[in-house]
Amino acid sequence: MDQLQQEVDPAEVGLDPAALDRLDRFYARRVNDGLLPGYLVSVSRHGRVAHLTSYGLRDREAGLPVTADTVWRLYSMTKPVASVAALMLHEEGLLDLDDPVSRHLPSFADLRVYESGTGDDLRTRPADGPLLVRHLLTHTAGMTIGAYRTHPVDALYRAAGVEIQAPEGADLAEACELYASLPLQFEPGTQWNYSVATNVVGRLIEVVTGRPLDAFLAERVFAPLGMTDTGFHVSGEQADRLAVLYQENPETPEGQEGEEGQEEQGSGITPLPGPPVHERPRLLSCSSGLVGTAGDYHRFMEFLRRRGELDGVRLLSPDTVDTMATNQLPADLHVFGSRPIHGQPDNAGLGFGLGVSVVVDADRTPSPESEGSYGWSGAGGTTFWVDPRNDLTVQFMTQVRPAATLSFHELKSLVHEALEG
């Protein structure tokens, strides 16, 4: 497909160029101050790219710049893609949202739920009801991630080797068998907790289609949408465009000086070995495994904005996309447990649809947002959202962990300031 490029002057689609310039200057300062290696941001309105900026380096050590075709580790921005694939199978009658997961994965038939205690004194009880497919897509499954360290079940995940998603060397089937052997934190459907649940969605896709996950996504999602640079690993040619992943460097003394007596640019971040993506991974993670370009994700966002269709190719019905982008949680579940939704610590004003966060009360969100906007972020510093009310799509790409340093409140505020009508 053609490379991502600006298609229209911002003012022609009701965006203020001065506000967009402030956005660029804000993030350029973060690069110049050594807080980010580089970034790419795109803002599109009415289906046309009205603002596209890349700045800084995708590889500081080699001096390689961020470009429109830079390949990024998408991390949790994989989840909305997997959710779309699952919803396609739902429309085809292969996977109902109210199917018990055990109908397709028998190891999930006799789940147990945490009751009390810790460590050797931890007690569980049989689950009252089945784990459903919709619980996986809404993160109300009762599953977790060992890295949280906020609940006794987290410790069981870590002891089983599930710090983030699975023990080293496991494939998707083996990982899901392990997940099923661990107790749930709570009864499915009663609370919200961000977890490895989307990996189980990926395994369901494999089981009901009889195909490897990467082959199914390549044929049924990426090829139809023209996402030619997206997958679970990079080719030889793509490897040269892959952005290096960085981490904050807590060991760098404040005010460290470089050779010229000036504070060393970029000293606050250092390279971090990311998930192996130079060959097909054994675990095809629907939670965090995809890599891709901003151009490809722009096409995915446009597919969502157009409610399931792009360039004459329809993968989902408008009603299904509307359901995906509508809050699926009861009002009393708008306060969540272990992880902020979309970078908002108190999750104020947010609900959750099928694989994406949804703004349900714009008056309560910490940054200006439109009611009904939806999207998600990735642990490597990526984010996107679709704003149906303003016919807007936005994405931001960088590669630095922890991504908690990027709240994206400034990004949302600056984009909101650019809206003129």
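The lining of the largest cavity is made up of 5 nonpolar, 3 polar and 3 charged residues. The structure described here is a predicted model, and this report starts with its internal spaces before turning to the chain, one helix, the cysteines and a few single residues.

**Cavities and a pocket**

In the whole structure, 3 cavities of 30 Å³ or more are found. The largest cavity holds about 100 Å³ of space. Its lining consists of Pro368, Glu369, Ser370, Ser373, Trp385, Asp387, Leu392, Lys412, Val415, His416 and Leu419. Two elements, strand 15 (382-387) and helix 11 (409-418), each give at least two residues to the lining of the largest cavity. Helix 11 has the largest share of that lining, with 3 residues.

The second largest pocket has a volume of about 490 Å³. It is lined by 23 residues, and the closest to its centre are Asp2, Gln3, Gly295, His298 and Arg299. Helix 9 (residues 294-305) contributes the largest share of the lining of this pocket, 6 residues. By class, the lining of the second largest pocket has 5 nonpolar, 7 polar and 11 charged residues. Empty space of this kind is located by rolling a probe the size of a water molecule over the atoms.

**The chain as a whole**

The chain contains 11 helices and 17 strands. Its radius of gyration is 21 Å, close to the 22 Å that the globule rule gives for 421 residues, so the chain is as compact as a globular protein of that length. The C-alpha trace spans about 60 × 50 × 45 Å along its principal axes. Of the 421 residues, 56% count as buried.

**Helix 2**

Helix 2 covers residues 78-91, which makes 14 residues. From its first C-alpha to its last, helix 2 reaches 20 Å, close to the 20 Å expected at 1.5 Å a residue. Helix 2 is mostly covered, with 12 of its 14 residues buried. The buried residues in helix 2 are Thr78, Lys79, Pro80, Val81, Ala82, Ser83, Val84, Ala85, Ala86, Leu87, Met88 and Leu89. Just after helix 2 comes Gly93, with a positive phi of about 80 degrees.

**Cysteines**

The count of disulfides is 0. Why is there no bond from Cys176 to Cys286? The sulfur of Cys286 is the closest cysteine sulfur to that of Cys176, but the distance is 9.3 Å, which is too far for a bond. A disulfide would need the two sulfur atoms within 2.5 Å. Seen from the other side, the closest cysteine sulfur to that of Cys286 is in Cys176, also at 9.3 Å and too far for a bond. Cys176 counts as buried because its relative accessibility is 3%. Cys286 is buried as well, with a relative accessible area of 1%.

**Positive phi outside glycine**

Most residues other than glycine have a negative phi. His46 is not a glycine, yet its phi is positive, at about 55 degrees. His46 is found in the loop between strand 1 (38-45) and strand 2 (48-59). With a relative accessible area of 44%, His46 is partly exposed.

Tyr75 is not a glycine either, and its phi is positive at about 45 degrees. Tyr75 is placed in the loop between strand 4 (71-73) and helix 2. At 6% relative accessibility, Tyr75 counts as buried.

**Gly236**

Is Gly236 buried or exposed? Gly236 is exposed, with a relative accessible area of 60%. Gly236 lies in helix 8 (residues 236-239). Its C-alpha atom and that of Arg29 are separated by 33 Å, and the two residues are 207 residues apart along the chain.

**Accessibility of the single residues**

The table collects the residues treated one by one above.

| Residue | Relative accessible area | Class |
|---|---|---|
| Cys176 | 3% | buried |
| Cys286 | 1% | buried |
| His46 | 44% | partly exposed |
| Tyr75 | 6% | buried |
| Gly236 | 60% | exposed |

The classes follow from the cut-offs, because buried means under 20% relative accessible area and exposed means over 50%, with partly exposed in between.

Technical notes:
Residues numbered from 1 in each chain as written. Predicted model: local features only at pLDDT ≥ 70, side-chain atom pairs only at ≥ 80, totals over all residues. Heavy atoms only, no water. 1 Å grid on protein atoms, 1.4 Å probe; cavity = no way out; pocket = protein on both sides within 12 Å on 5 of 7 lines; lining within 4 Å. Points joined across faces, edges and corners; volume = space filled by probe spheres on them. Helix = DSSP H or I, 4+ residues; strand = E, 2+ residues; numbered from the N terminus. Nonpolar A, V, L, I, M, F, W, Y, C, P; charged D, E, K, R; others polar. Expected span 1.5 Å × (residues − 1). Buried < 20%, exposed > 50% of the residue type's maximum accessible area, 1.4 Å probe, protein only. Rg over C-alpha atoms; globule rule 2.2 N^0.38 Å.
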